[in-house]
Amino acid sequence: MPPIIHADKCKGCGTCAAICPMNLFKYEKGSVPTVAYPEECWHCNACVLDCPAKAVELRLPLNYMLLHVDASSLHD
């Protein structure tokens, strides 16, 4: 699942486009970036962590979320 860019928070700086190792984003200076290649996302979280406006959200597919379950929460 591709990242979501919240246009109401985005400042148009292009940090997400510059930091993405897969070059997913289409960006023109001063505009809100768009996700041009959503199927190529590695879910590395770089765009989320480096966005100064906290305008990017990453949705993990279910099979990724299952990998991130805290093992201690599975025991009574």
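Lysine 26 is a convenient place to enter this predicted model, as the residue sits in strand 2, which spans residues 25-26. With a relative accessible area of 54%, lysine 26 is exposed. Beyond its neighbours within four places in sequence, lysine 26 makes contact with Pro33, Thr34 and Ala36. Its C-alpha atom lies 9.4 Å from that of glycine 14, a residue 12 positions away along the chain.

The other residue of strand 2 brings the interior into view. Phenylalanine 25 touches Pro3, Ile5, Cys16, Ala17, Cys20, Pro33, Thr34, Val35, Ala36 and Cys47, when residues up to four places away in sequence are left out of the count. Pro33, Thr34 and Ala36 thus appear among the contacts of phenylalanine 25 and also among those of lysine 26. Phenylalanine 25 further belongs to the largest nonpolar core, a set of 14 residues in which Ile5, Cys16, Leu24, Phe25, Cys47, Val48 and Val56 touch the most other members. Helix 1 (15-19) and helix 2 (46-50) each contribute at least two residues to this core. Such a grouping fits a familiar pattern: in soluble globular proteins, nonpolar side chains tend to be buried together.

It helps to step back to the overall fold. The protein contains three helices and four strands, and these follow one another along the sequence in the pattern β-α-β-β-α-β-α. Of the 76 residues, 28% are buried. The accessible surface amounts to about 5400 Å², with 57% of that area belonging to carbon and sulfur atoms. Among contacts with a separation of 6 or more, 46% join residues that are 24 or more positions apart.

Helix 1 offers an example of such long-range pairing. Threonine 15 is located in this helix and, at 26% relative accessibility, counts as partly exposed. Apart from its neighbours within four places in sequence, threonine 15 is in contact with Asp50 and Pro52. The pair formed by threonine 15 and proline 52 is 37 residues apart in sequence, yet the two C-alpha atoms are 8.0 Å apart in space. Asp50 also serves as a reference point for cysteine 20: the C-alpha atoms of cysteine 20 and aspartate 50 are separated by 9.8 Å, with their positions 30 residues apart along the chain.

Cysteine 20 itself occupies the loop between helix 1 and strand 2, where it is buried, with a relative accessible area of 11%. Its presence raises the matter of sulfur pairing. A disulfide is a covalent bond between the sulfur atoms of two cysteines. A search of the whole structure finds zero disulfides. Cysteine 44, for instance, takes part in none, and the nearest cysteine sulfur, that of cysteine 20, is 6.2 Å away. Cysteine 44 is partly exposed, at 43% relative accessibility. What keeps cysteine 51 from bonding to cysteine 13? The closest cysteine sulfur to that of cysteine 51 is in cysteine 13, at 5.9 Å, and this is too far for a bond. Cysteine 51 is buried, with a relative accessible area of 9%.

Finally, a word on confidence. The mean pLDDT of the protein is 86, and 82% of the residues score at least 70. Confidence is highest in helix 1, at 95, and lowest in helix 3 (residues 62-67), where the mean is 61. The helix that holds threonine 15 is therefore the element in which the prediction is most confident, because helix 1 has the highest mean.

Methods. Residues are numbered from 1 along each chain as its sequence is written. This is a predicted model: local features need pLDDT of at least 70, side-chain atom pairs count only at pLDDT 80 or more; totals for chains, interfaces and linings use all residues. Side-chain values use heavy atoms; hydrogens and water are left out. A disulfide is a pair of cysteine sulfur atoms within 2.5 Å. Buried means under 20% relative accessible area, exposed over 50%, partly exposed in between (1.4 Å probe, protein chains only). A nonpolar core is a set of buried Ala, Val, Leu, Ile, Met, Phe, Trp, Tyr and Cys residues joined through side-chain atoms within 4.5 Å. Contact means heavy atoms within 4.5 Å. Accessible areas come from the Shrake-Rupley method with a 1.4 Å probe; for residues, only the protein chains shown count as cover. pLDDT is the predictor's confidence in each residue, from 0 to 100.
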